[in-house]
Structure formats: structure tokens, C-alpha cells
Amino acid sequence: MNPLNSDMIPPSAPASPPSANSTADTILGGILIVCMLVGIPSNLLSFFYFSQRARKTVHNILYTIVSLLDTVTLVTAFAPISVLLSDTDRAPMVFGRPHVCAAWTIVFYFTLRSSLFTVMVISISRTISMKAPFYVIRSRAVTWACLGYAVWLASKDAFFIGMGAVDPQHYDKQFASSIYNYNSTEPLGVVFLAFGTQEIALVTLINVTTFLISVVFLQCRTQRMKQAPGGFRDVSVTITIFMAVSLSCTVPLIVVLFLQLFGVQKRMCDVTLSYVRFVSHVFLAMVNATLNPCVYLLRMP
């Protein structure tokens, strides 16, 4: 994944850096600082709240996982913040060290994809609960599904990195961070590109579908759900809001990835492309990680 980026750039021939608007960078950096200050404590509070609940329901387990992933995502925000607030034009700052680049890339994109998958499981499980209230979803099956996907991501990334198809140590000013830089001239680089796009696109498609089903269900059966015990409708509405927030922060990433696949991004000027890539890949992921616990804390009983 960068999830996806342009051709691999040899160290001996660095690309000319795009110009960036210092005011815009300062604003984005300031917003990310607020996200860290608000999001990390909120996610930790959510994590302890759901992990310590006596009743270990499917959704309590999934919220615990999402809260942990979002906490890690927001911790990584310090690196792009240092770039955005640097005195020079998006100087690498901490990304100037190859090992930091590799660690940041691996951790950030792992938590990003894992969070998307967990949100998908939440959406599917809630849709099933609304359509078939008496169907029991086993907590162990959901936990193993999330763990299995995490192992799949780690194994896949390790394989492509080990084969030299992608480079996690590449700093790119347009992303204000390090990325998985793939070589499009190599077959494995193309496979990596296809995996990254299809993986995120499929998860997002499932999330959109289940979100629409939930909205229609809530609209059509409002009176019946109001009479359901245990605040069933309130929880369903909360998860629907949660899904709307997640999709609003994820869909732009999918759009940008497909624009790249069809070569549309090459027609953009460097400044525009710089902000399109940073906002869709990094910024919105941080904002989403900040908003998630706010939905929990404001809506959950």
C-alpha cells in the first residue's frame, strides 16, 4: 500500500519537490495537534471502558480493537506534524532517518487497514442484528477474524518488502510522510498495487452497502425499533452515525486511488496533488480516529 504511489525514485535522482503552501500546512498541522490532544485521551478512555465491561459482547470487543488501533494511529501523527510545521518546505524532519521511515510506514498503514476491516465487521454484525435479531454472532469468531486479517496484512507486507517490490523507507513530500513506494516496472510491484487498491475498495464497498441497508432499515422500522428492549434502536443509530463518519473519511481515499490507477493524478499541478494525497491518505485517517471515540462517548449509554 502507499497504499499506492508513483514509480520508485532512485536515491541518486530525487524528484523535484512540489511547492507547498506554508499557511495551509500550518493549519493542517494545527488541526492534527488538536486531533492528538483530543483523540488519544478519548480513545484510551473508550478502550478501557469497552475492555472492562462485564459483558463481553461482539460489539464491545470490536470497539475495544478500534479504540486501540485509533490510539496508535494518532500517536503516529507527531511525525507528519513535524513536517507540516517545519521552517523549510516540508523538510523530512524525523523521516530523515530510514529506520523511522520504515517503522512509521509499516505501523501507520497497518493500523489504517486494520481499522477499516474492523469497522467493516462492526457494520456487518450490526446489519445482521437488525435483520435477524435472534441470530447469535459468536465473539470468538469475530475475534479470530480480526486477528486473521492482521496476520494476513503483516505477512503480505513482509513478503513484498522482503522481495524488494516495495520500499517502506521512502519519504515523499506530497504525503508529508513516508510511504510504501512500489516499482511499477516490476511484476510484484504491479501485484502490490492491485492488492492495495482492491483490498481497500472491497472493504469500503461492503461498508457502503451495509450502511445503506442500515439507513433504510431504520427509516422503515422506526416505530418497531423504538419498542425494542435495551435501547436497540439507539445503539443501531449510533453505529449508523459511526459508519457515516468512517465512510466520509474513507471514500476520498478510494477516489484518489482510482484516479491514480487511471492516470488522472498526472494532470494535476504539484501543489494540488500534494494536498489531495496528504489529506486523503493521512489527514482524514487522523480525523476519523479522533471522531470515533467522540461518537462512542456522546451516544453510548
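A salt bridge here is a side-chain nitrogen of Lys or Arg within 4 Å of a carboxyl oxygen of Asp or Glu. By this rule the count comes to five salt bridges in the structure above, which is a predicted model. Let's start with the charged pairs and then move on to the core, a helix, the surface and two backbone angles.

## A charged network

Side chains of opposite charge can pair when their charged atoms come close. Three of the pairs are set out below, each with the distance between its closest N and O atoms.

| Acidic residue | Basic residue | Closest N and O atoms |
|---|---|---|
| Asp157 | Arg113 | 2.5 Å |
| Asp157 | Lys156 | 3.7 Å |
| Glu199 | Lys156 | 3.8 Å |

Take the pair of Asp157 and Arg113, with N and O atoms 2.5 Å apart. This pair links distant parts of the chain, 44 residues apart: Asp157 belongs to helix α5 (residues 139-162) and Arg113 to helix α4. Both partners are buried.

Next comes Glu199, whose salt bridge with Lys156 has its closest N and O atoms 3.8 Å apart. Glu199 sits in helix α6 (residues 187-220) and Lys156 in helix α5, so this pair ties together parts that are 43 residues apart in sequence. Salt bridges that share partners join Arg113, Lys156, Asp157 and Glu199 into one network.

Are Asp157, Lys156 and Glu199 buried or exposed? The cut-off for buried is under 20% relative accessible area. Asp157 has 5% relative accessibility and is therefore buried. Lys156, also with a relative accessible area of 5%, is buried, and Glu199 at 12% counts as buried too.

## The nonpolar core and helix α2

In soluble globular proteins, nonpolar side chains tend to be buried together. In this model, the largest nonpolar core has 66 residues, and within that core Phe108 and Phe278 touch the most other members. Which residues does Phe108 touch, not counting those up to four places away in sequence? They are Thr73, Thr76, His281, Val282, Ala285 and Met286.

Helix α2 covers residues 58-75, a run of 18 residues. From its first C-alpha to its last, α2 reaches 26 Å, close to the 26 Å expected at 1.5 Å a residue. Of the 18 residues of α2, 13 are buried, so this helix is largely enclosed by the rest of the structure.

## A patch on the surface

Nonpolar residues also appear on the outside: Ile33, Val34, Leu37, Val38 and Leu85 form a nonpolar patch on the surface. Together these residues have about 410 Å² of accessible area. One member of the patch, Leu85, lies in the loop between α3 (78-84) and α4 (98-131). With a relative accessible area of 38%, Leu85 is partly exposed.

## Two positive phi angles

The loop between α3 and α4 also holds Met93. Although Met93 is not a glycine, its phi is positive, at about 50°. Met93 counts as partly exposed because its relative accessibility is 45%.

Ala176 is another residue other than glycine with a positive phi, near 50°. Where is Ala176 found? Its place is the loop between β1 (166-172) and β2 (177-182). Ala176 counts as buried, at 0% relative accessibility.

Note on methods: Residues are numbered from 1 along each chain as its sequence is written. This is a predicted model: local features need pLDDT of at least 70, side-chain atom pairs count only at pLDDT 80 or more; totals for chains, interfaces and linings use all residues. Side-chain values use heavy atoms; hydrogens and water are left out. Patches are made of residues with over 30% relative accessible area and no salt bridge: like charges are joined within 9 Å, nonpolar side chains (Val, Leu, Ile, Met, Phe, Trp, Tyr) within 5 Å. Accessible areas come from the Shrake-Rupley method with a 1.4 Å probe; for residues, only the protein chains shown count as cover. Helices (H or I, at least four residues) and strands (E, at least two) are DSSP runs, numbered from the N terminus. Buried means under 20% relative accessible area, exposed over 50%, partly exposed in between (1.4 Å probe, protein chains only). The expected span of a helix is 1.5 Å times one less than its number of residues. A nonpolar core is a set of buried Ala, Val, Leu, Ile, Met, Phe, Trp, Tyr and Cys residues joined through side-chain atoms within 4.5 Å. Contact means heavy atoms within 4.5 Å.
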